[in-house]
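User: Please justify the terms used for the packing and the charged pairs in this predicted model. I should like each value set against its cut-off.

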Amino acid sequence: MTKGLVHVRIDDRLIHGQVAVYWCNAVNATRIMVANDEMYQNEVQKAALRLVVPAGLKSSLLDVEKAAQNLVSGKYEGQRVILVVRRPADVLRMMDRGVTITQVNIGNLPAREGTRNIKKSINMTIQEMEECRELNRRGVKITGKQVPDNVDDDLIELINKQ
């Protein structure tokens with residue numbers, strides 16, 4: 001993983017209790033980074049996300065391009081960054097910009113039109129399943145669990161059964 005990056009999570013909700021409490025504690029995070037273009041352009045959503053960042057943790061709410069630049073440049077070296085994105089495509093875009101990612105945890109993708117249920121709380125479009133397969137081809141292990149003490153399911157196996 002790129003220096004400073006300790007955990008990558010795909011979660012449609014971005015920052016919420018599971019990320020802010022369970023995951024940050026489990027990986028000893030010092031910073032929560034959200035990388036998503038739509039969120040970055042929405043001032044109301046950014047303000048709401050800042051409110052749920054636990055006291056003592058730094059936060060970065062960035063578009064995918066700037067998040068990748070900051071990570072690749074070593075800006076967070078010496079920190080313990082948990083990266084949260086909304087979709088598998090965000091991870092691919094970060095990797096295309098030089099961010100090294102070896103493992104991704106998918107925590108929540110809601111049921112939407114055109115999605116299939118992969119497991120509890122994880123629903124994907126055919127495009128998202130293909131993006132996960134591409135991540136897997138690039139050597140990224142993809143797991144699916146809500147909180148750190150859940151079973152570490154290999155999501156590629158579940159996706160390939162679809």
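User: Which residues does M124 touch, leaving aside those up to four places away in sequence?

Analyst: M124 touches I106, L109, R112, G114, T115, R116, I118, M129, C132, L155 and I159. M124 is also one of the residues that touch the most other members of the largest nonpolar core, which has 34 residues. Apart from that core lies another of 16 residues, including I15, V53, I82 and V84.

User: What makes D96 and R138 a salt bridge?

Analyst: The cut-off is 4 Å between a side-chain nitrogen of Lys or Arg and a carboxyl oxygen of Asp or Glu. The side chains of D96 and R138 meet at 2.8 Å, N to O, so the pair satisfies the definition. D96 is in helix 5 and R138 in the loop between helix 6 and strand 8, 42 residues apart. Both residues belong to a salt-bridge network with E130, R133, E134 and R137.

User: Why is R138 called partly exposed?

Analyst: Partly exposed covers the range between under 20% (buried) and over 50% (exposed). R138 has a relative accessible area of 35%, so it is partly exposed.

User: How do you know that K119 and D153 form a salt bridge?

Analyst: Their N to O value is 2.6 Å, and the limit is 4 Å, so the term applies. K119 lies in strand 6 and D153 in strand 9, so the pair ties together parts that are 34 residues apart in sequence.

User: What is the accessibility class of D153?

Analyst: D153 counts as partly exposed, at 26% relative accessibility.

Definitions and conventions. Residues numbered from 1 in each chain as written. Predicted model: local features only at pLDDT ≥ 70, side-chain atom pairs only at ≥ 80, totals over all residues. Heavy atoms only, no water. Core = buried A, V, L, I, M, F, W, Y, C linked by side-chain atoms within 4.5 Å. Buried < 20%, exposed > 50% of the residue type's maximum accessible area, 1.4 Å probe, protein only. Contact = heavy atoms within 4.5 Å. Helix = DSSP H or I, 4+ residues; strand = E, 2+ residues; numbered from the N terminus.
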